[in-house]
Amino acid sequence: MTSGELVIIIVSSILLVTAIIASFGVYIVVNKSNKDKDTEELTKIALSGKYSAALRPAMDSLADKKPSLTELEEWLISQGIEAEQKDKYLISWQKSINQDIKTISEGDLNGVTTYRISVGPKDKNICNFLHPDHFITRDQINRNAEILPPYCFGSDSIVVPKLPWDNTDGAGGWKALVPVDGIYEIPDWRQVV
């Protein structure tokens, strides 16, 4: 072996070792970056509540299950409701929907996972599907937002968080609201109370 061949072998060996070390360094940097991103995502989920990654916003769930304002207005017109009264009903309906969204959104931020419907005096006769000690889960709301008020025009029920110590209206028990044959027995919205 000549001295020129020996120099080439040494230089090649040094370049090979350098390439291996550089590759190892890149591997470590890339994996650390991915690990930091994964940890950051898990931390966001943990801080925002255990269900938040799987839940849709309440506004989207309600939009899918409740009639649109156009549909509501068309029905009111078909019933011969005067314009002033029609506007009052539509404003009241939207106010109730907005209150549902606010309550559930605040609950999502605070980790609330169970709610109940506080039945108003006007709804007492139409809300037979609600037990006095009922509760509904956030997942039920996510999938079946039709269980939330308003139930019809003039409805005065509201959704409120149901906390473990909640004994409002003597309703301290925990009876799940369940569908009958896969359907919740909510009143038809095409009525006025």
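This report describes the fold, core, strands and charged contacts of a predicted model of one protein chain.

## Overall architecture

In this predicted model, the chain contains five helices and four strands, and along the sequence these elements follow the pattern α-α-α-α-β-β-α-β-β. The chain has 193 residues, of which buried residues make up 32%. Among the contacts between residues at least 6 apart in sequence, 75% join residues that are at least 24 apart.

## The nonpolar core

The largest nonpolar core has 30 residues, and within this set Ile136, Leu148 and Phe153 touch the most other members. Helices α2 (58-65), α3 (69-78) and α4 (83-110), together with strand β1 (114-118), each supply at least two residues of this core. The greatest contribution comes from α4, which gives six residues.

The surroundings of leucine 148 can be listed in detail. When its neighbours within four places in sequence are set aside, leucine 148 is in contact with Leu62, Lys66, Asp100, Ile104, Ile117, Ile136, Ile141 and Val159. Of these contacts, Ile136 is itself among the core members that touch the most others, while Asp100 and Ile104 are buried residues of α4.

## Helix α4 and its surroundings

Helix α4 has 28 residues, and at 1.5 Å a residue these should span 40 Å; the end C-alpha atoms of the helix are 40 Å apart, so the separation agrees with the expected span. After α4 comes glycine 111, whose phi is positive, near 80°.

The buried residues of α4 are Lys86, Tyr89, Leu90, Trp93, Ser96, Ile97, Asp100, Ile101, Thr103, Ile104 and Gly107. The elements that cover these buried positions include the helices α2, α3 and α5 (138-143) as well as the strands β1 and β3 (158-161).

## Strand β1 and its partners

Strand β1 is mostly covered, with five of its five residues buried. Thr114, Arg116 and Ser118 point one way from the strand, whereas Tyr115 and Ile117 point the other way, and all of them are buried. In a regular strand the side chains alternate between the two faces of the sheet.

β1 pairs with two other strands, β2 and β3. With β2 (residues 134-137), the pairing is antiparallel and runs over two bridges, and in that strand isoleucine 136 is the bridge partner of tyrosine 115. With β3, the pairing is also antiparallel and runs over four bridges, and here valine 159 is the bridge partner of isoleucine 117. Both isoleucine 117 and valine 159 are also among the contacts of leucine 148, and isoleucine 136 appears in that list as well.

## Salt bridges

The structure holds eight salt bridges. In one of them the side chains of glutamate 73 and lysine 86 meet at 2.8 Å, N to O, and this pair links distant parts of the chain, with glutamate 73 in helix α3 and lysine 86 in helix α4, 13 residues apart. The side chain of lysine 86 also meets that of aspartate 87 in a salt bridge, at 3.5 Å, N to O, and Glu73, Lys86 and Asp87 are linked in a network of salt bridges. The members of this network differ in burial: lysine 86 is buried, with a relative accessible area of 9%, whereas glutamate 73 is partly exposed at 30% and aspartate 87 counts as partly exposed at 38%.

Another salt bridge joins the side chains of aspartate 188 and arginine 190, at 2.9 Å, N to O. Here aspartate 188 is partly exposed, with a relative accessible area of 40%, and arginine 190 likewise counts as partly exposed, at 40% relative accessibility.

## A buried glutamate without a salt bridge

Glutamate 146 lies in the loop between α5 and β3. This residue is buried yet has no salt bridge, and the nearest side chain of opposite charge, that of lysine 65, is 4.0 Å away. Leaving out residues up to four places away in sequence, glutamate 146 touches Lys65, Lys66, Tyr151, Tyr184 and Ile186. Lys66 is thus listed as a contact of glutamate 146 and as a contact of leucine 148.

Notes: Residues are numbered from 1 along each chain as its sequence is written. This is a predicted model: local features need pLDDT of at least 70, side-chain atom pairs count only at pLDDT 80 or more; totals for chains, interfaces and linings use all residues. Side-chain values use heavy atoms; hydrogens and water are left out. A nonpolar core is a set of buried Ala, Val, Leu, Ile, Met, Phe, Trp, Tyr and Cys residues joined through side-chain atoms within 4.5 Å. Buried means under 20% relative accessible area, exposed over 50%, partly exposed in between (1.4 Å probe, protein chains only). Contact means heavy atoms within 4.5 Å. The expected span of a helix is 1.5 Å times one less than its number of residues. Lys and Arg count as positive and Asp and Glu as negative; His and the chain ends are not counted. Two strands pair if DSSP finds at least two bridges between them.
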